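Me: Got a model open here and want to talk through its ligand site and its empty spaces. Can you take my questions as they come?

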Amino acid sequence: MTGYTLYGSEMSYFSGKARAYLRWKGIEFTEIAPSPEIMKSEILPHIGWPVIPVLKTPDGAYIQDTADIIAHFEGPSDADSAMPDSPLQKFVTYLLQLFADEWMTLPAMHYRWNHNENWIYGEFGKNAAPDGTLEEQYEAGKAVGSRFKGFVPMLGITPETAPGIEKAYEQFLADLSAHLDKLPYLLGTRASYADFAMIGPLYAHQYRDKFTGDHMKRTAPKVADYVERVIAGEGRDGELIPLDDVPVTLLPILRVALAEHLPVLTNTNEQYRTWAATAEPHSEVPRGVGMSPFTTGGHSGEIASRTFSLLRLQDALDTYQIMMPSDRKRAEAFLAAVGGEALLTMRIEPRLTRRNYKLAMV
Ligand SMILES: N[C@@H](CCC(=O)N[C@@H](CS)C(=O)NCC(=O)O)C(=O)O
């Protein structure tokens, strides 16, 4: 066994993000699937709740949250950093992470649970009951999977919104394919943080899940090829595009992402502020603070107002707020081009942090 252990799974959204990064960075690690024994002996006692991925360091420290896992390897003067060091590309990276981590959960969960349900139970069963028969694995997988299936209604995935989720996803595949006609990675000829974030939704659910993956390979082969390259840790030798520029082919993706996600984030932020007004200072923050109306692909519904999304948003806002005036000007022109002007004045108050592997007020 090598120094680092990644408790993660091929079926898990955020494990793919961590795995792609660790491979790209050249970190030696062993990945261990979260069997019930591992959950009991490693994850619950150290993290406090059942979640993956978790990285165990050679010193026996436990890191949860993919942003913290990546940050563990990225020193401030790291010449080999995954994060662009120029301000606008960094800002765009955080916006892409916000979209990939917190909004692409809609297509990922919709396609998994409405098009791959029986197949994914068998897959979950391989971890839950590695020595069982196929039937035993299916039943064990169903027990594990039902917890995740339970998140489907909270994500606003209903018969009414499903056609909109599919329409938005088809548009995303077309837009990303057009981008990949010009560049092999999101921000250049080198893979970077945004690519690892995008692997969250795109690998486990949209590429690896049987029916959705077949669809991607058939209708968006460039995206499938991109997923294969990023999950393999390729893209080390190229360059980010120069002069802190943002590829114009990313603008359609960000325009739709912000048009659909910003109203939910704005409403969630207001609900969070109302909740915080009467909460104990510095206390833990609940995962949800109500419901928000949303529209995707022209279909409307209600989605849980998830506070964790505000932490990812806070990273983007911080990057903008510390910019030099000339960089801010460029960021403002960029935001005007993608309909993101609301971000200019948005603040997360009280600020959010993570404490004991949970979301908390600073
Ligand atoms: N923000 C976390 C999200 C981790 C996460 O949601 N992991 C999923 C599996 S991909 C999970 O275990 N969820 C359990 C839960 O949310 O209760 C990260 O980036 O690591």
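Reply: Sure, what follows covers the ligand, then the cavities, then one loop residue. It's a predicted model, so local features need pLDDT of at least 70, side-chain atom pairs count only at pLDDT 80 or more, and totals for chains, interfaces and linings use all residues. Residues are numbered from 1 along each chain as its sequence is written, and side-chain values use heavy atoms, with hydrogens and water left out.

Me: How many residues surround the ligand?
Reply: 17, and the closest are Ile 52, Asp 65, Thr 66, Arg 147 and Arg 287. A residue is near if one of its heavy atoms lies within 4 Å of the ligand.

Me: What's the shell like by class?
Reply: There are 10 nonpolar, three polar and four charged residues. Ala, Val, Leu, Ile, Met, Phe, Trp, Tyr, Cys and Pro count as nonpolar, Asp, Glu, Lys and Arg as charged, and the others, Gly among them, as polar.

Me: Which side chain has an N or O atom 2.5 Å from a ligand oxygen?
Reply: That's Thr 66. Arg 312 has a side-chain N or O atom 3.1 Å from a ligand oxygen, and for Gln 64 the distance from a polar side-chain atom is 3.0 Å. Taken alone the ligand exposes 500 Å², and the protein buries 89% of that (Shrake-Rupley, 1.4 Å probe).

Me: Where does the ligand sit?
Reply: In the largest pocket, meaning more than half of its atoms lie within 2 Å of the pocket's grid points. Helix 1 (13-25), helix 7 (134-149) and helix 13 (308-321) each give two or more residues to the shell; helices are DSSP runs (H or I, at least four residues). A pocket is an open set on a 1 Å grid over the protein atoms alone, with protein on both sides within 12 Å along at least five of seven lines.

Me: New topic: how many cavities of 30 Å³ or more are there?
Reply: Three. A cavity is a set of points where a 1.4 Å probe fits but cannot get out, and lining residues have an atom within 4 Å of a point. The largest holds about 170 Å³, the space filled by probe spheres set on the points.

Me: Which helix gives the largest share of that cavity's lining?
Reply: Helix 8, with six residues. The lining has 16 residues, including Phe 99 and Glu 260.

Me: And Ser 81, what does its side chain contact?
Reply: The side chain of Glu 74, at 2.5 Å. A polar contact is a pair of N or O atoms within 3.5 Å; within protein, one must be able to donate a hydrogen and the other to accept it, and residues adjacent in sequence count only if both atoms are side-chain atoms.
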